[in-house]
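Open the model in your viewer and keep the selection panel handy. We will take this in short stops, each with something to pick and something to look for.

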Amino acid sequence: MTGKRNTKTEAKIKAAFTSLMQSKGFDSMTVSDIARAAGINRGTFYMHYIDKFDLRQQLIDDTIADLTEILVENSDDNGQTVTSNGKAICDAFKEEAIAKALHYVKDDYAFFNAISRSGTDMQLYDRLKNVLKQLIVAQAKRFDEEPKHDYNGIPADYAMEILVSAVSSIIWLWIRRGCKETPEQICHIIETNKTTAPVDVLW
């Protein structure tokens with residue numbers, strides 16, 4: 001994946017953080033709690049993180065970096081031609097790329113579940129939306145596609161928001177429901193949404 005540290009100690013700290021998020025919640029946990037659950041001393045914790053806020057931020061940063069890498073690496077154009085109406089712009093959302101990202105989420109479900117239920121903190125959701133939006137823009141620039149002022153009568157900014165919100169919300173609901181469906185089933189739902197969304201021209 002990315003250049004994140006991923007040491008055994010940090011893996012223990014992440015596991016402890018995830019467990020405490022589920023049992024105590026972020027506000028109630030302390031660095032001492034995390035260190036105790038991870039089987040380390042507080043000094044070792046502070047060698048890696050400033051405090052619990054820094055820990056949460058770094059975990060989210062690493063997660064977003066991994067998801068971005070997965071989506072970018074699996075979103076090549078494969079020689080396809082972008083049509084003048086921009087219909088292929090959203091090849092950024094290829095089924096293979098989304099499937100690999102969903103497998104990544106399911107493999108680390110405990111962490112995603114803990115973060116998704118952390119009260120009012122929607123940072124991971126918001127940053128996922130931003131990654132998807134950046135992929136669309138990057139794909140358009142890559143094919144020298146001129147941005148349109150509207151799509152099917154919907155102003156471009158609103159069309160973009162509808163698109164990325166739809167994909168992000170499907171993934172977020174899947175996490176909140178316990179990742180019961182397979183990544184492939186969620187991909188099918190996203191693919192179906194492509195044909196029913198009012199911004200289908202973006203797809």
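Start with a cartoon view of this predicted model. The chain has nine helices and two strands. Colour by secondary structure and follow the sequence along: the pattern reads α-α-α-α-α-α-α-β-β-α-α.

Now switch to colouring by relative accessibility. Of the 203 residues in the chain, 50% are buried. If you also draw a contact map, look away from the diagonal: among contacts between residues at least 6 apart in sequence, 73% join residues at least 24 apart.

**Stop 1: helix α1**

Select residues 8–23, which form helix α1, and pick out leucine 20 within that helix. Leucine 20 counts as buried because its relative accessibility is 9%, under the 20% cut-off. Show what surrounds this side chain. Apart from neighbours within four places in sequence, leucine 20 is in contact with Gly25, Met29, Asp33, Ile34 and Ala37.

Next, put a distance label between the C-alpha atoms of leucine 20 and alanine 114. The label should read 8.8 Å, although the two residues are 94 apart in sequence.

**Stop 2: helix α6**

Alanine 114 takes us to α6, where it is one of the buried residues. Select residues 109–116 to see the whole of α6; six of its eight residues are buried, so this helix is largely enclosed by the rest of the structure. Which residues of α6 are buried? Highlight Phe111, Phe112, Asn113, Ala114, Ile115 and Ser116.

**Stop 3: the cavity**

Keep Phe112 selected and add Leu67, Val105, Leu128 and Ile171: these five lie nearest the centre of the largest cavity, which has a lining of 13 residues. The elements that each give two or more residues to this lining are α4 (52–73), α5 (95–107), α7 (123–142) and α8 (156–176). Show those four helices together, then focus on α5, which gives the most, with four residues.

How many cavities of 30 Å³ or more are there? The count comes to one, and the space in the largest cavity is about 120 Å³. Colour the lining by residue class and you will find 13 nonpolar residues, no polar ones and no charged ones.

**Stop 4: the loop between α8 and α9**

Follow the chain out of α8 and select cysteine 179, in the loop that leads to α9. This cysteine is buried, since its relative accessible area is 4%. Check its backbone too: phi is near 50 degrees, a positive value in a residue other than glycine. Most residues other than glycine have a negative phi.

Stay in the loop between α8 and α9 (183–196) and select glutamate 181. Is glutamate 181 buried or exposed? With a relative accessible area of 18%, glutamate 181 is buried, because the cut-off is under 20%. Its side chain makes a polar contact with the side chain of arginine 177, at 3.1 Å. Beyond its neighbours within four places in sequence, glutamate 181 is in contact with Lys106, Trp174 and Ile186.

**Last stop: cysteine 187**

Finally, select cysteine 187, which is buried with a relative accessible area of 2%. Then search the whole structure for disulfides: the result is zero.

Technical notes:
Residues are numbered from 1 along each chain as its sequence is written. This is a predicted model: local features need pLDDT of at least 70, side-chain atom pairs count only at pLDDT 80 or more; totals for chains, interfaces and linings use all residues. Side-chain values use heavy atoms; hydrogens and water are left out. On a 1 Å grid over the protein atoms alone, a cavity is a set of points where a 1.4 Å probe fits but cannot get out, and a pocket is an open set with protein on both sides within 12 Å along at least five of seven lines; lining residues have an atom within 4 Å of a point. Grid points are joined across faces, edges and corners, and a volume is the space filled by probe spheres set on the points. Ala, Val, Leu, Ile, Met, Phe, Trp, Tyr, Cys and Pro count as nonpolar, Asp, Glu, Lys and Arg as charged, and the others, Gly among them, as polar. Buried means under 20% relative accessible area, exposed over 50%, partly exposed in between (1.4 Å probe, protein chains only). A disulfide is a pair of cysteine sulfur atoms within 2.5 Å. A polar contact is a pair of N or O atoms within 3.5 Å; within protein, one must be able to donate a hydrogen and the other to accept it, and residues adjacent in sequence count only if both atoms are side-chain atoms. Contact means heavy atoms within 4.5 Å.
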